[in-house]
Amino acid sequence: MMQWILSWKKNWGIKILCLISAIIVWLYVMRDQNPVIEVAYTVPVQVQNLDQNYLVEGIPKEVRVRLHGPRNAILDINPNILKAYVNMKDARLGQDNVSIQFTPPTGTYIDSMTPENVTVTVDEYMVKELQVQMQPLGMVPNDIAIKDVKIIPTTVTIAGPAHQVSKAAYAVIRTNLDKHRESFTEVGDILAVDTAGNIVEGVTITPKSAQVQYELERIRMDKKVPIQANLVGTVPAGYIVKRVDMEPKELTITGKESLLNAIDGVKTIDINVNGATGNFSGNYSLVLPDGVTTSTDRVVVKVEITPQM
């Protein structure tokens with residue numbers, strides 16, 4: 001043992017110099033084989049430890065992180081697991097400046113991160129129920145009327161920051177009525193709006209869409225119908241009403257679709273044939289339902305009565 005110590009002490013300066021040279025050579029080789037490199041990643045930002053009764057606005061979805069380190073360490077990085085975070089444990093209502101945290105993978109170091117700090121707004125989480133209203137865009141044609149409107153569902157729930165939710169007065173579904181002439185059903189997005197009709201942003205609406213059913217009818221529909229002579233009474237025994245002629249035999253009536261759909265013909269006023277034994281004719285008025293009009297309000301009726309053979 002003493003011999004080894006004495007041997008080492010001899011020419012110790014040269015030996016130390018050799019050791020230092022070996023270390024320098026090793027560092028040079030390692031640097032050449034595994035050099036330090038830089039790389040940049042886009043990293044998603046998470047919110048941690050936020051009270052469930054609070055919401056936070058102003059935190060970016062991503063940050064740009066530039067790292068450096070030995071090539072082997074950089075190549076070992078899985079970009080999909082990189083996460084930045086903001087610790088909101090001590091969050092209070094209002095605005096605050098917070099730092100974004102990021103822990104680099106083992107063997108690497110942060111060169112820069114953009115942004116590093118952000119100004120956030122913390123607000124209470126609020127839920128509110130709203131009535132859904134129809135907000136038509138445009139107008140139906142002049143000869144069309146809106147008979148009925150149904151909205152499904154009639155209420156929705158909105159949630160989000162209290163300062164936004166509190167602005168919402170009602171929910172609307174917007175439908176363009178231009179050129180619609182028949183009843184229709186449409187599905188559209190539901191919007192939250194304030195008392196002035198401005199859209200309230202930054203809230204979640206459940207459900208997101210609604211169905212609106214419009215029942216339309218024509219208010220100036222035209223329809224051709226036959227004219228019927230309304231004979232009342234009876235001719236004497238031994239006589240018959242052989243024939244009834246009218247001029248015109250049909251006419252065009254105008255009115256709401258719902259009214260005209262139920263009309264198959266138009267009658268004259270009562271024409272009394274009681275006791276008649278011969279032919280007769282006359283101008284007779286028409287009996288029209290309320291809300292129905294026609295350009296012809298009288299017709300010529302010819303009644304032929306002959307002895308019964």
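Where is the place of T155 in this structure? What I am showing is a predicted model, and in this model T155 sits in strand β10, which covers residues 155-161.

Let me stay with that residue for a moment. T155 counts as partly exposed, because its relative accessibility is 26%, and the partly exposed class lies between the 20% and 50% cut-offs. If we leave aside the neighbours within four places in sequence, the residues in contact with T155 are E129, L130, Q131 and V132. There is also a C-alpha separation that can be checked on the screen: T155 and P207 are 52 residues apart along the chain, and their C-alpha atoms are separated by 9.1 Å.

Just before this strand there is a peptide bond to look at, since I152 and P153 are joined in the cis form, with omega at about 0°. P153 itself is placed in the loop between β9, residues 144-152, and β10. A second cis bond runs from T114 to P115, with omega near -5°, and P115 belongs to the loop between β7 and β8, the latter spanning 117-137. As background, most peptide bonds are trans, and most residues other than glycine have a negative phi.

That brings me to two backbone angles. N49 has a phi near 65°, a positive value in a residue other than glycine, and N49 is located in the loop between β1 (36-48) and β2 (54-57). K179 likewise has a positive phi, near 75°, and is found in the loop between β11 (170-176) and β12. K179 is classed as exposed because its relative accessible area is 77%, and the cut-off for that class is over 50%.

Now to a contrasting threonine: is T108 buried or exposed? T108 is buried, because its relative accessible area is 4%, and the cut-off for burial is under 20%. This residue is found in the loop between β6, residues 101-102, and β7, residues 109-114. A polar atom of the T108 side chain lies 2.6 Å from the backbone oxygen of P105. Beyond the neighbours within four places in sequence, T108 is in contact with L67, H68, A73, I74 and I77.

Turning to the strands as a group, seven of them form an open sheet with mixed pairing, in the order β16-β21-β19-β18-β15-β17-β20. The edge strands are β16 (239-247) and β20 (293-294), each of which pairs on one side only. At the β20 end, β17, residues 250-255, pairs with β20 in the antiparallel sense over two bridges, and T254 has T293 as its bridge partner in β20.

Next, the largest pocket, whose volume is about 180 Å³. Its lining includes I190, L191 and A192, together with the run from I199 through V200, E201, G202, V203, T204 and I205, and also K208. The elements that give two or more residues to this lining are β12 (184-193) and β13 (204-206), and the largest share, three residues, comes from β12.

I will end with the chain as a whole. The protein chain has five helices and 21 strands, and of its 309 residues 28% count as buried. Among contacts with a separation of 6 or more, 73% are between residues 24 or more positions apart. Finally, the chain exposes about 19,800 Å², of which carbon and sulfur atoms supply 51%.

Definitions and conventions. Residues numbered from 1 in each chain as written. Predicted model: local features only at pLDDT ≥ 70, side-chain atom pairs only at ≥ 80, totals over all residues. Heavy atoms only, no water. Helix = DSSP H or I, 4+ residues; strand = E, 2+ residues; numbered from the N terminus. Buried < 20%, exposed > 50% of the residue type's maximum accessible area, 1.4 Å probe, protein only. Contact = heavy atoms within 4.5 Å. Pairing = 2+ DSSP bridges. Polar contact = N/O pair within 3.5 Å; in protein donor to acceptor, adjacent residues only side chain to side chain. Areas by Shrake-Rupley, 256 points an atom, 1.4 Å probe, with all protein chains shown as cover. 1 Å grid on protein atoms, 1.4 Å probe; cavity = no way out; pocket = protein on both sides within 12 Å on 5 of 7 lines; lining within 4 Å. Points joined across faces, edges and corners; volume = space filled by probe spheres on them.
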